[in-house]
Amino acid sequence: MIHIEIPEADITITQRKQVRTADEPVIKDIYGFIDFHQIPRDKGGIFMFYNEAGELLFVGKARKLRQRIKRHFEDQVSPMKHHRKEVYQIDVCVVESPMEREIYETYIINEYQAKYNIDKVFFK
């Protein structure tokens with residue numbers, strides 16, 4: 001039996017409404033998220049999208065986390081393109097090893113039955 005311990009999230013961002021005073025600039029949100037700057041730009045890892053009820057929607061991996069996560073909210077080819085409004089929370093785990101990213105992604109998709117992952121699924 002293989003035992004895989006999922007790493008704790010290094011960064012968690014959630015949808016939120018901007019609260020600002022009259023002299024503060026407006027930060028343009030992307031589907032309610034304004035904290036993408038907290039996600040490392042040049043680090044690799046895995047990310048998990050959750051809805052407001054805490055249900056796991058999607059798991060992905062990336063060599064450059066911020067670019068890849070933002071692409072899921074902008075691309076027309078993303079598997080999340082019809083479900084973007086459901087995403088309420090994003091958990092990010094920095095994992096530099098490409099092999100470890102692959103293992104974690106596949107394991108999490110299948111162990112927690114991510115709703116919108118269609119590749120690497122063994123539980124159907």
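**Close-up views of a predicted model**

**View 1. Pairing of strands E1 and E4.** Strand E1 and strand E4 (residues 89-94) run antiparallel and are joined by four bridges, as seen in this predicted model. Within this pairing, threonine 12 has aspartate 91 of E4 as its bridge partner.

**View 2. The two faces of strand E1.** In a regular strand, side chains point alternately to one face of the sheet and to the other. In E1, Ile11 and Ile13 make up the covered face, whereas Thr12 and Thr14 make up the uncovered one.

**View 3. The surroundings of aspartate 35.** Aspartate 35 lies in the loop that connects strand E1 (11-14) with strand E2 (45-50). With a relative accessible area of 9%, aspartate 35 is classed as buried, because the cut-off for that class is under 20%. When residues up to four places away in sequence are left out of the count, aspartate 35 touches Ile13 and Arg16, and Ile13 also belongs to the covered face of E1.

**View 4. The largest pocket and its lining.** The largest pocket holds about 220 Å³ of space. Its lining comprises 14 residues, of which Phe58, Val59, Glu105, Asn117 and Asp119 are the closest to the centre of the pocket. Strand E3 (56-62), helix H1 (65-74) and helix H2 (98-111) each contribute at least two residues to this lining, and the largest share, four residues, comes from E3. Sorted by class, the lining of the largest pocket consists of six nonpolar, three polar and five charged residues.

Methods: Residues numbered from 1 in each chain as written. Predicted model: local features only at pLDDT ≥ 70, side-chain atom pairs only at ≥ 80, totals over all residues. Heavy atoms only, no water. Buried < 20%, exposed > 50% of the residue type's maximum accessible area, 1.4 Å probe, protein only. Contact = heavy atoms within 4.5 Å. 1 Å grid on protein atoms, 1.4 Å probe; cavity = no way out; pocket = protein on both sides within 12 Å on 5 of 7 lines; lining within 4 Å. Points joined across faces, edges and corners; volume = space filled by probe spheres on them. Nonpolar A, V, L, I, M, F, W, Y, C, P; charged D, E, K, R; others polar. Pairing = 2+ DSSP bridges.
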